[in-house]
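Welcome to a short tour of aromatic rings. Please open your viewer and get ready to select residues one by one.

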Amino acid sequence: METDSTMRVYLRQMPKRENEYENNEANTEVPSKAAICNLYPYDRVFNEYCNQDYIFRCALKRTILYALDGYNVTTIAYGHSGTGKTHTIFGGSDITKPEDDGMLLKSVAHLFEVIGEEQLEYFVTVSYLDIFNEKIYDLLSTINDDTELNINENMDENDSVVIEDLTVVTINNMPELCRVLKIGDENRVKSSSLENSLSSQRHSLFYVTVYTKEESVSGDILLKRGSLIFVDAAASDYSTQSDQTNMQSPEDVNTIHQSLNTFNECMMKLANGSTDIPYG
């Protein structure tokens, strides 16, 4: 399979909150041409009436095939606090409304569906972690949730990044995935912010790795490893929020601000096809 692009950018418009309806506040403000300082290209806009299932079908569904073909596919939700990043990735809290499932659940459900249809020999593993203040925390750890993990380069696998002692769980179906998510969510530390009392000031990452084995036309055995990575990024307006609770120090704010700037720079260079990416 050939991918038609290494990166796609989608904008999602958030529906009004209840208090915005009550106060008759505008949901979207369009700046004048004189106020526009930068122009950024993007692939599509999903308005406030687009539900989770529609966004999945238009933006992510086809990428599942890329993962099965051995590619790494990353979905990042990025934006201000309270704009629906966590809802987009992880979905709503009401399990009686599967239409509100996030991109993670819909993607893995489709992954198992395709595997079943093609009768592939496979196994799937998952990991769940948080990054805060340049420290990595394993959300699936059963030993000590506060243990900080280290990152190292694996020279035997094309200098890939390896997180030491990160918990890896094998799953075979959606109920097992939901159980893993529940464990991770219970361990996920959240703090209040101005706009969203459940908004996390951490980058949360959920890794889904799929291994498949199939026989080629010539009789050779093909082993493939692909991944689906879902990122619920820290709020892009984090450093401008003036009334944070549970903050340890001003250095925490500066660190996250620096990490977001680095993230922006990496995305811009990747989008422009640069080979010099400042990951570190």
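A residue is called buried when its relative accessible area is under 20%, exposed when that area is over 50%, and partly exposed in between. Keep in mind that this is a predicted model.

**Stop one.** Select Tyr 10. Tyr 10 has 28% relative accessibility, so this residue counts as partly exposed. Now add Phe 46, which is buried because its relative accessible area is 2%.

How many aromatic pairs are there? The count comes to 7, and your current selection is one of them: Tyr 10 and Phe 46 make a tilted pair, with 5.6 Å centre to centre and 35 degrees between the planes. Tyr 10 belongs to strand β1 (residues 10-12) and Phe 46 to strand β2 (residues 44-46), so this pair ties together parts that are 36 residues apart in sequence.

Before you leave, add Tyr 54 to the selection: Tyr 10, Phe 46 and Tyr 54 form one aromatic cluster.

**Stop two.** Next, select Phe 123, which is partly exposed at 40% relative accessibility. Its partner Tyr 211 is partly exposed too, with a relative accessible area of 27%. Phe 123 and Tyr 211 form a stacked pair, 4.5 Å centre to centre with 10 degrees between the planes. Which strands does this pair connect? Phe 123 lies in strand β4 (residues 121-132) and Tyr 211 in strand β10 (residues 203-215), so the pair ties together parts that are 88 residues apart in sequence.

**Stop three.** Finally, select Arg 202 and Tyr 137. The charged end of Arg 202 sits over the ring of Tyr 137, 5.2 Å from the ring's centre.

Note on methods
Residues are numbered from 1 along each chain as its sequence is written. This is a predicted model: local features need pLDDT of at least 70, side-chain atom pairs count only at pLDDT 80 or more; totals for chains, interfaces and linings use all residues. Side-chain values use heavy atoms; hydrogens and water are left out. Rings of Phe, Tyr and Trp (its six-membered ring) pair if their centres lie within 6.5 Å; planes under 30 degrees apart count as stacked, over 60 as edge-to-face and the rest as tilted. Helices (H or I, at least four residues) and strands (E, at least two) are DSSP runs, numbered from the N terminus. Buried means under 20% relative accessible area, exposed over 50%, partly exposed in between (1.4 Å probe, protein chains only). A charge sits over a ring if NZ of Lys or CZ of Arg is within 6 Å of the ring centre and within 35 degrees of the ring normal.
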